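Hello,

Here is the structure I promised to pass on to you. Please have a look at it, and then read on for what turned up.

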Amino acid sequence: MSLPPIAVALDVPTLDEAVELASALSGEVAVCKVGLELFGAHGPEAVARIAEHAPVFLDLKLHDIPTTVGRSATALGKLGVAMTTVHACGGSAMVSAAVEGLQAGWEAAGSVGDAPIVLAVTVLTSMTEDDLRSINAPDAATQVPALAALATGAGAQGLVCAPTDLAAVRAAAGPDSMLVTPGVRPAGSATDDQARVATPEAAMAAGANLLVIGRPITRADDPAAAARAIAASLRQDA
């Protein structure tokens, strides 16, 4: 039986807490997401310890010149991560460097199994249309598909976009790209700092392949039960 298409965001302050959550959620979610907070505090140890319980989605959103991003991605590939992120707005050369670097690092480490993938972030789900206008950027409806097409053309195997952008991104990227969406909240949950959100059922219906869900699971009294409830809602909606 395949695991539910959930990436649980381990955005917690300590590594021990993250490992406890990863252990409790082992077999309940597809991947565990390690972000800037946890990696900044604990570095590669965070990846190694979480990977004992689930594949690791390392979400650092790399954004620099192509050479720097390529070398950084090589280092991350050596850690054995399943997927990592870059900002699509860094340009096609940067995205290509990330794809090549991640693969090179994975091969250099002698890793086995599925090769890691690069996910290109389009526009952050915390950004509003007012934010985009304030920097003279196109609105999300224009900018997101353009960035998706750029990143896919540069070799990114997947894309990160808001639930509201899924249909446009699928049209721009084609049927084979993995679409990962944060800003997913079960009905009745607080939106917190996300501006463009959807329920898990709505996000999957719109074309998502993987749902990033954090606080509705990690702050639940029983995280495993919360994950199972979301998975059950997806099966009922299928």
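Arg49 is partly exposed, with a relative accessible area of 27%. Please keep in mind that this is a predicted model.

Which residues share a network of salt bridges with Arg49? They are Asp16 and Glu45, and each contact is worth a look in turn.

In the contact with Asp16, the closest N and O atoms are 3.5 Å apart. Arg49 sits in helix H3 (residues 44-50) and Asp16 in helix H1 (residues 15-25), so this salt bridge ties together parts that are 33 residues apart in sequence. Asp16 itself counts as exposed, at 56% relative accessibility.

The contact with Glu45 stays inside helix H3: Arg49 and Glu45 are four residues apart there, which means that about one helical turn separates them. For this salt bridge, the closest N and O atoms are 4.0 Å apart. Glu45 counts as partly exposed, with a relative accessibility of 42%.

Another salt bridge to find on your screen joins the side chains of Asp59 and Lys61, at 2.8 Å from N to O. Is Asp59 buried or exposed? Asp59 is buried, because its relative accessible area of 8% falls under the 20% cut-off. Its partner Lys61, at 27% relative accessibility, counts as partly exposed.

The full count comes to six salt bridges, including the ones described here between Arg49 and Asp16, Arg49 and Glu45, and Asp59 and Lys61.

Happy viewing, and best wishes

Methods
Residues numbered from 1 in each chain as written. Predicted model: local features only at pLDDT ≥ 70, side-chain atom pairs only at ≥ 80, totals over all residues. Heavy atoms only, no water. Helix = DSSP H or I, 4+ residues; strand = E, 2+ residues; numbered from the N terminus. Buried < 20%, exposed > 50% of the residue type's maximum accessible area, 1.4 Å probe, protein only.
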